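Biologist: Please take me slowly through one loop in this model, and then work outward from there into the rest of the structure.

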Amino acid sequence: MSIGTVKDLVKVDDYEVAEGLFYHKEHLWVRKDDGKVRIGMTDFALKKLREIVWVELPSAGDDITQNQSFGTLESVKATQDLVAPISGTIGKVNDKLTSKPRLLNEDPYGEGWIIVVEPTTKIDVELKEIMNFEAAVKWHKELTEGG
Amino acid sequence: MDEQGKKTHLYRFHAQNGKIVPFAGFQMPVSYKGIIPEHMAVRTGVGLFDVTHMGRVVVTGTNAEAFLNYVTTNDVARLVPLTAHYSVMCNEEGGIKDDFVLSRQKEDRFFMVYNAANRLKNFQWLTKQAANYSVNITDVSDDVAMFAVQGPKAEETLQKVVTKDLSEIARFKCSWTKLSGFDAFMSRTGYTGEDGFEVFIHNTPISNPRNAIVAWNTILEAGKEFNIEPCGLGARDTLRLEAGMCLYGNDIDENVTPLEARISFVVKLKKEDFIGKEALIKQKTHGVEKKRVGLKVLESGIPRFKHEVFKDRMKIGYITSGTFSPLLKRGIAMAYIQSKYAVIDEIVHVKIRSKQIKAQLIKFPFYDPGQYGHTRKK
């Protein structure tokens, strides 16, 4: 797979957090990848949603804006907005998710990636506004202790 | 009681094999292997549910039949011993206080199984209404383990572990039996649309769970050859929705009457006085303004609770439950819409976020009853 490498997965309670990634509070992760940015959803959010049965994604060429919804996931239980963790132009959409949405649950940091984005020049500023790995681990601890 | 909720006899099994969620004061399994595989096990083979959280009362006494005929809408006089029926209790306005299955265990002993969330409310209501009747109402919820064995292979599975010949028990009939050596009461009922049984192991308090655990494991073992799956609340919800059955708190509540919910088969207006009768007769005469309908979504998207329903850009109702149907592989929902639009096969729109999604009115159940459910051709 040319997905790039996930260095390490840390488990907080039942939920995996991947090292080297950035995390938005709406549960999307960001990985810098040769000047591009790959985006997916956290294991925590996907385990809470349970089986994803449907994805609604934009197309390559569409723009996304930080903190704004760019698509939805539907699980048996609930609908989840996909909120952009950073801004940019979509280069690639993971088409496999349309026919096999369960990839999201099975491999959230790998084959279950959602889009690859060409970021804007604001990328460094935007990444500072979201969580790095250490902050995300702490956040996951708060999430799991809360309930 | 644990601050997160009460545990059933099988809590340890659930926690080890499934995901636990708080539900109606209990810590219940939402799923084990996954909602979809559990759902499909029930539609094609057999599934086992722990539904011990349900509220259960025993009503006894020489006045029991008359009392139950007064507080419930179905005709209790027609319930001969060892039969059961679906029914509701209404308030004076005809609004549904709860829906439940009532079985007659003996001439003067009835067993009522109702929603966990309404346990306290119902017990108080029943007790209050019983003032002028010589009856005893006992909440036995904490002393009875309750499992549902559901699916086309339910009978074959259960037959291996009970003494009673199950072919003698027709749908909505009941029996006493021995289940892995313990006294059990069972009814050929369920909340999935499939053939199956609900099994009650009496005198089994949660503090002494052994008999319940043995029975559970025995059923799982017996169902192995049919690929039995333990099933959680997630599959219970998708199964009942596909079958077109109401969920209290979503599809029915005190603001909805059984006529609006289109479960009028449980309302026997010809019987003597019962709570809500006058209001229901009046409504029947005038006709209902809104009705519960089934919606099958024709595009992608899943309607959810509170989404609005439109016809020709006019709002005509709202969704009360919606999910992804594992069998139909599309969104399905129940909605209340203005009666004049409640015509089978008609197309309406559901507003899902900013989009208007096409949906078709269907007759319950959502599946082909010749192919699935208890009416399937063997």
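**A loop in chain A, and outward**

Modeller: Let's start with Asn94(A), which sits in the loop between strand S10 (88-93) and helix H2 (96-99) of chain A. Helices and strands here are DSSP runs, numbered from the N terminus (H or I over at least four residues for a helix, E over at least two for a strand). Keep in mind that this is a predicted model, where local features need pLDDT of at least 70 and side-chain atom pairs need 80 or more, while totals for chains, interfaces and linings use all residues. Residue numbers run from 1 along each chain as its sequence is written, chains are lettered from A and ligands numbered from 1 in the order written, and side-chain values use heavy atoms, with hydrogens and water left out.

Although Asn94(A) is in a loop, the residue counts as buried because its relative accessible area is 5%. The bands are under 20% for buried, over 50% for exposed and partly exposed in between, using a 1.4 Å probe and protein chains only. Across from it in sequence, look for Trp113(A): the two residues are 19 apart along the chain, and their C-alpha atoms are separated by 6.6 Å.

Step back to the whole of chain A, and you'll find five helices and 11 strands. Of its 147 residues, 52% are buried, and Asn94(A) is one of the buried ones. The C-alpha trace spans about 40 × 35 × 30 Å along the principal axes. The radius of gyration is 14 Å, which agrees with the value near 15 Å for a compact globule of 147 residues. That radius is taken over C-alpha atoms, and the globule rule is 2.2 Å times the number of residues to the power 0.38.

Now move to helix H4 of chain A, where Val125(A) lies. Val125(A) counts as exposed because its relative accessibility is 52%. Its C-alpha atom and that of Ile86(A) are 9.5 Å apart, with 39 residues along the chain between the two positions. Asp124(A) belongs to that helix too, which covers residues 123-129.

Asp124(A) meets the side chain of Lys32(A) in a salt bridge at 3.9 Å, N to O (a side-chain nitrogen of Lys or Arg within 4 Å of a carboxyl oxygen of Asp or Glu). Lys32(A) comes from strand S4 (residues 28-33), so to speak from a distant part of the chain, 92 residues from Asp124(A). With 47% relative accessible area, Asp124(A) is partly exposed.

A shorter-range pair in chain A is worth a look as well. Asp43(A) and Lys47(A) form a salt bridge, with their closest N and O atoms 2.9 Å apart. They are four residues apart in helix H1 (residues 43-49), which means they are separated by about one helical turn. Asp43(A) is buried at 3% relative accessibility, whereas Lys47(A) is partly exposed at 28%.

These belong to a total of 31 salt bridges over all chains, and chain B has its own. There, Glu242(B) and Arg43(B) pair up, the closest N and O atoms lying 2.8 Å apart. Glu242(B) is in helix H7 (residues 233-243) and Arg43(B) in helix H2 (residues 35-44), so the bridge ties together parts that are 199 residues apart in sequence. Both ends are buried: Glu242(B) has 0% relative accessibility and Arg43(B) also has 0%. Elsewhere, Lys6(B), Arg119(B), Asp139(B) and Asp142(B) join into one network through salt bridges that share partners.

Finally, the backbone of chain B. Most residues other than glycine have a negative phi, and most peptide bonds are trans. Ser180(B), not a glycine, has a positive phi of about 40°. You'll find Ser180(B) in the loop between strand S10 (174-179) and strand S11 (182-187), partly exposed at 26%. Lys329(B), again not a glycine, has a positive phi of about 55°. Lys329(B) lies in the loop between strand S16 (314-325) and strand S17 (330-338), and is exposed at 59%. Another exposed loop residue is Glu93(B), with 59% relative accessibility, placed between strand S5 (83-90) and strand S6 (96-106). As for the peptide bonds, the one joining Phe364(B) and Pro365(B) is cis, with omega about -5°. Pro365(B) is in the segment after strand S19 (355-362).
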